[in-house]
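Trainee: Could you take a close look at one single part of this model with me, and then show me how the rest fits around that part? I'm new to this, so please go step by step.

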Amino acid sequence: SILALISSTLVNRIITQLNANTKQLFELFIQDLLNVVQFPEWSASEQLLSSLTNTLVSNSENQPSIVETYLLEIIGLIGSTMLELKGPNDLPDLRVSDLTDEYSIVSSYLLTLRDAFPVKFSGDSFVYDWIYKLSSNITSSSEEDYAKAKERETYLKLLSSYYKEQSNGLIKKNDGSATEENATLCYKKILLSGTFMKLYHNFLTHLLRSIDHPKIKSRTRAMKNLAQLIDKDSRLLNLPMVKQSLSNRIADPSPLVRLAVLEIFDQYILKKPELIGEFYQTLILTNDKSVSVRTKSLKIAKRIFLEASNKDIKVFALEKILRRLEDDEENVLDLTKQLLMETVFLGLYDQIGAYSKDQIKQRDAVSFMIDILLDLINKSEKTWELFEKYLNEDIMRKTDENKKFHNNLLSISNTIVDVLLTFVVDYVDTEKQDSVEKSLGLLSIFSKCEHPLINQEQLMSLQPYLTSESTVSSSTSYYTLVIFRHTL
């Protein structure tokens with residue numbers, strides 16, 4: 001067909017003579033088609049886009065890397081417009097016979113444009129396409145059901161009278177009903193049931209297959225295309241095949257692809273907190289060999305900590321950040337210290353400030369953070385050691401990095417200590433001995449700080465943990481002695 005010839009000629013030119021000029025011209029051409037495809041005056045663009053999309057997809061593999069990447073970029077541009085046209089709903093499954101009223105209104109509207117250049121022939125083009133679709137449906141099956149009979153009647157009526165009078169029961173001279181606005185709405189319904197939009201699922205399948213492409217540039221381009229689609233409709237993240245593709249590529253050998261996956265998580269998945277629990281363990285690549293991937297992962301870990309409601313997820317994310325205090329890269333180390341300060345200390349300071357008129361909410365916020373820190377330091381000896389060192393050197397001690405917030409850091413540290421002390425005093429000789437023991441361990445870390453956080457009166461309230469013989473464990477006594485030693 002003419003459309004196939006045009007498409008194959010254009011795509012072949014791209015494949016064989018790709019340069020800056022041809023890329024720019026072809027992209028402008030595609031963008032122009034995408035800009036007008038939703039308007040009935042340019043209905044022929046839908047047929048040309050259908051042909052071009054099929055040709056692009058069928059020729060986007062086994063090409064030189066630079067060609068494949070560019071073709072995927074154009075396919076992504078087309079798919080992004082498809083998704084925008086599709087909107088939040090599924091594509092309708094309508095036959096031509098179901099859209100007779102819509103075809104009639106659009107044709108009647110286009111009849112009023114016969115003297116308008118350059119769309120004077122748009123009505124003829126639209127009606128030809130209508131007749132062709134009816135003809136194809138009639139001849140595609142020997143069965144004659146009600147829908148087929150209705151299409152045959154419409155087909156014969158159009159064919160017998162359109163050329164004679166330019167108006168009939170289907171195409172009416174403008175009676176005021178076929179306005180531009182009404183025609184555009186009707187054409188949108190026709191477009192969503194047309195051949196171009198029916199390629200959407202083929203496009204999505206091709207895109208996800210491209211994510212596993214053997215060439216790094218093609219995989220990276222495919223990830224960027226997927227990001228564009230998710231930006232327009234985040235529901236794509238709920239599709240099992242999309243989730244699987246992302247999970248597979250998070251372990252991609254190329255840092256560029258891994259980084260592209262993290263960008264998708266950072267921009268879109270973390271806007272849907274319900275998905276965090278499904279992906280959080282795989283997307284924090286803080287041990288990655290690539291500095292850029294580690295850096296991005298640290299920022300994602302902070303967002304997960306802030307947005308997740310589950311305590312175990314928060315502890316997991318915070319531990320991933322904490323362990324980068326051993327990073328060899330200075331920029332990563334500096335970022336780690338900054339994120340810990342913002343996440344644990346300044347974040348909590350701002351939170352209790354927001355609850356200034358509600359002491360119960362303030363105490364609950366501090367208690368929840370204490371629970372997180374207790375789980376964190378008791379994960380291993382290493383996490384205990386790293387947190388203790390960080391607290392002393394980067395929170396309690398004034399540095400160039402924290403000097404603007406140092407008073408706030410000391411204030412929130414005092415608040416944490418006060419809540420810890422209240423807990424261990426209130427629950428002496430109770431069934432919560434395990435929690436008390438862990439709380440004393442955290443208090444012992446704070447007691448070693450250069451800045452005094454525990455006063456003499458508070459210290460004396462811990463005396464029962466030195467004198468009681470019934471419920472006090474050796475660890476409890478040890479932590480209490482440490483607190484006394486460093487406070488005194």
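Mentor: Let's start with Asn-62, which is exposed because its relative accessible area is 76%, and anything over 50% counts as exposed. Keep in mind as we go that this is a predicted model. Asn-62 sits in the loop that links helix 3 (44-58) with helix 4 (65-86). Its backbone has something to notice too: phi at Asn-62 is positive, about 60°, even though Asn-62 is not a glycine.

Now step back along the chain into helix 3, where you'll find Leu-56. Is Leu-56 buried or exposed? Leu-56 counts as buried, because its relative accessibility is 0% and the cut-off for buried is under 20%. So what touches Leu-56, once we leave aside neighbours within four places in sequence? The list is Val-11, Phe-26, Leu-71, Ile-74, Ile-75 and Ile-78. Take Val-11 from that list: Leu-56 and Val-11 are 45 residues apart in sequence, yet their C-alpha atoms are 6.7 Å apart in space.

Phe-26 is a handy bridge to the next stop, since Phe-26 touches Leu-56 and also takes part in the meeting of helix 1 and helix 2. The axes of helix 1 (residues 2-16) and helix 2 (residues 20-36) come within 10 Å and cross at roughly 150°. That angle makes helix 1 roughly antiparallel to helix 2, because the label applies over 145 degrees. The crossing of these two is left-handed. On the helix 1 side, the residues involved are Leu-10, Arg-13 and Ile-14, and they meet Thr-22, Phe-26 and Phe-29 of helix 2. Sort the residues of that contact by class and you get 4 nonpolar, 1 polar and 1 charged.

Here's another helix pair to set beside that one. The axes of helix 15 (residues 311-322) and helix 17 (residues 359-377) come within 9 Å, crossing at roughly 55°. That makes helix 15 oblique to helix 17. This crossing is right-handed. Helix 15 brings Lys-311, Lys-314, Val-315, Leu-318, Glu-319 and Leu-322 to the contact, while helix 17 brings Phe-368, Asp-371, Ile-372, Leu-373, Asp-375 and Leu-376. By class, the contact of helix 15 with helix 17 has 7 nonpolar and 5 charged residues, with no polar ones.

A third pair is helix 16 (residues 330-354) with helix 19 (residues 406-426), whose axes come within 9 Å and cross at roughly 80°. Helix 16 and helix 19 are therefore roughly perpendicular to each other. From helix 16, the contact uses Met-341, Phe-345, Leu-346, Leu-348, Tyr-349 and Ile-352; from helix 19, it uses Asn-408, Leu-409, Ser-411, Ile-412, Ser-413, Thr-415 and Ile-416. The classes here come to 9 nonpolar and 4 polar, with no charged residues.

Hold on to Leu-409 and Ser-413 of helix 19, because both turn up among the contacts of Met-396 as well. Met-396 itself belongs to helix 18 (residues 381-396). With 4% relative accessibility, Met-396 counts as buried. Leaving aside neighbours within four places in sequence, Met-396 is in contact with Leu-391, His-406, Leu-409, Leu-410, Ser-413, Cys-449, His-451 and Leu-453. Met-396 and Ser-413 are 17 residues apart in sequence, and 8.6 Å separates their C-alpha atoms.

One more buried residue is worth a look: Ser-245, in helix 11 (residues 240-249). Ser-245 counts as buried at 7% relative accessibility. Beyond its neighbours within four places in sequence, Ser-245 is in contact with Leu-208 and Ile-211.

Finally, zoom out to the whole chain. The secondary structure comes to 23 helices and 0 strands. Of the 488 residues in the chain, 49% are buried, Leu-56 being one of them. Remember Leu-56 and Val-11, 45 residues apart in sequence? Among contacts between residues at least 6 apart in sequence, 69% join residues at least 24 apart. As for the outside, the accessible surface of the chain comes to about 24100 Å², and 50% of that belongs to carbon and sulfur atoms.

Key: Residues numbered from 1 in each chain as written. Predicted model: local features only at pLDDT ≥ 70, side-chain atom pairs only at ≥ 80, totals over all residues. Heavy atoms only, no water. Axes fitted to C-alpha atoms, helices over the stretch in contact; angles between N-to-C directions. Helix = DSSP H or I, 4+ residues; strand = E, 2+ residues; numbered from the N terminus. Parallel < 35°, antiparallel > 145°, perpendicular 65-115°, else oblique. Left-handed = near helix turned anticlockwise from the far one by under 90°. Contact = heavy atoms within 4.5 Å. Nonpolar A, V, L, I, M, F, W, Y, C, P; charged D, E, K, R; others polar. Buried < 20%, exposed > 50% of the residue type's maximum accessible area, 1.4 Å probe, protein only. Areas by Shrake-Rupley, 256 points an atom, 1.4 Å probe, with all protein chains shown as cover.
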